[in-house]
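The exercises below work through a single protein model, each with a task and a stepwise solution. Please keep the sequence and the structure in view while reading.

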Amino acid sequence: MTALLITLAGGLGAALRFWADGAIRARWQPALPVATLTINTAGSLLLGVLVGLLGAGALGPDTVAVLGVGLCGGFTTFSTAMVEVARMWRDGHRRRCLATLALMTVASTVAAAAGMAAATALAT
C-alpha cells in the first residue's frame with residue numbers, strides 16, 4: 001500500500017512542479033533558472049520539515065516515505081537543474097553556470113536544514 005501511495009504522491013508532486021514552473025516562467029524569465037531554483041529550494045524545505053517531524057516522532061516512517069520520497073521526489077527536479085547547468089556551460093555562460101550550481105547547493109541545503117530545525121523545535 002505504501003508503494004502505491006508513494007507513486008500517487010510522486011505524480012501529484014510532478015503535477016505541482018509543472019504548474020509552479022509554468023507560473024514562474026510566465027511572469028519572469030531571468031538569466032538564471034529561477035523556476036528550478038525556487039522549486040528545488042521549496043522541496044528541500046518541505047523535506048527538511050518532514051525529516052524533522054520524523055526525528056521528533058510526530059510523523060511515522062510511512063508518512064514520511066509517501067510525502068518525502070513521493071511528493072518531494074516528484075516535485076523537485078535536480079535532473080532538470082543539471083541539464084540547465086550543462087546547457088549554460090555548453091553555450092559559454094560559465095559564470096551563470098557556476099552561480100546556478102552555487103545557489104542551488106546553498107539554497108537547498110539551507111532550506112532543508114531550516115525546515116528540519118523548525119519542525120524539530122515545534123514538535124518537541
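**Exercise 1. In which loop is Leu59 found?**

Solution. Leu59 is found in the loop between α2 and α3, where helices (H or I, at least four residues) and strands (E, at least two) are DSSP runs numbered from the N terminus. The model is a predicted one, in which local features need pLDDT of at least 70 and side-chain atom pairs count only at pLDDT 80 or more, while totals for chains, interfaces and linings use all residues. Residues are numbered from 1 along each chain as its sequence is written, and side-chain values use heavy atoms, with hydrogens and water left out.

Next, consider the accessibility of this residue: Leu59 counts as partly exposed because its relative accessibility is 24%, given that buried means under 20% relative accessible area, exposed over 50%, and partly exposed in between (1.4 Å probe, protein chains only). Leaving aside neighbours within four places in sequence, Leu59 is in contact with Leu50, Leu53, Leu54 and Val64, contact meaning heavy atoms within 4.5 Å. Finally, the C-alpha atoms of Leu59 and Arg27 are separated by 36 Å, although the two residues are 32 apart along the chain.

**Exercise 2. Describe the overall make-up of the protein.**

Solution. Begin with the elements: the protein has five helices and zero strands, and from the N terminus on they run α-α-α-α-α. Then take the extent, for which the C-alpha atoms fill a box of roughly 50 × 30 × 25 Å along the principal axes. Of the 124 residues, 31% count as buried. As a last step, look at contacts between residues at least 6 apart in sequence, of which 74% join residues at least 24 apart.

**Exercise 3. Characterise the packing of α1 against α2, and then that of α2 against α3.**

Solution. Two packed helices are described by the angle between their axes and the distance between the axes. The axes of α1 (residues 2-27) and α2 (residues 34-55) come within 9 Å and cross at roughly 140 degrees; axes are lines fitted to C-alpha atoms, for helices over the stretch in contact, and angles run from 0 to 180 degrees between N-to-C directions. That angle makes α1 oblique to α2, since angles under 35 degrees count as roughly parallel, over 145 as roughly antiparallel, 65 to 115 as roughly perpendicular and the rest as oblique. On the α1 side the contact is made by Arg17, Ala20, Asp21, Ile24 and Arg25, and on the α2 side by Ala35, Thr36, Thr38 and Ile39. By class, this contact has four nonpolar, two polar and three charged residues, where Ala, Val, Leu, Ile, Met, Phe, Trp, Tyr, Cys and Pro count as nonpolar, Asp, Glu, Lys and Arg as charged, and the others, Gly among them, as polar.

For the second pair, α2 and α3 pack at an angle of about 175 degrees with their axes 10 Å apart, which makes α2 roughly antiparallel to α3. Residues of α2 in this contact include Leu46, Leu47 and Leu50, and those of α3 include Val64, Leu67 and Leu71. The contact of α2 with α3 has twelve nonpolar, two polar and no charged residues.

**Exercise 4. Is Asn40 buried or exposed, and which residues does Asn40 contact?**

Solution. Asn40 lies in helix α2 and counts as buried, because its relative accessibility is 0%. Beyond neighbours within four places in sequence, Asn40 is in contact with Thr76, Thr77, Phe78, Ala81, Met104 and Ser108.

One of these partners, Thr76, is found in the loop between α3 (61-75) and α4 (78-90), and Thr76 counts as buried at 15% relative accessibility. Not counting residues up to four places away in sequence, Thr76 touches Arg17, Ile39, Asn40, Gly43 and Ser44. In addition, a polar atom of the Thr76 side chain lies 2.8 Å from the backbone oxygen of Cys72.

**Exercise 5. Work out how α4 and α5 are arranged.**

Solution. Start from the geometry, in which α4 and α5 (residues 94-123) pack at an angle of about 160 degrees with their axes 7 Å apart; the two helices are therefore roughly antiparallel to each other. Turning to the residues, Phe78, Ala81, Met82, Val85, Met88 and Trp89 in α4 meet a set in α5 that includes Arg94, Arg96, Cys97, Met104 and Ser108. The residues of this contact divide into ten nonpolar, two polar and two charged.

Note on methods:
A polar contact is a pair of N or O atoms within 3.5 Å; within protein, one must be able to donate a hydrogen and the other to accept it, and residues adjacent in sequence count only if both atoms are side-chain atoms.
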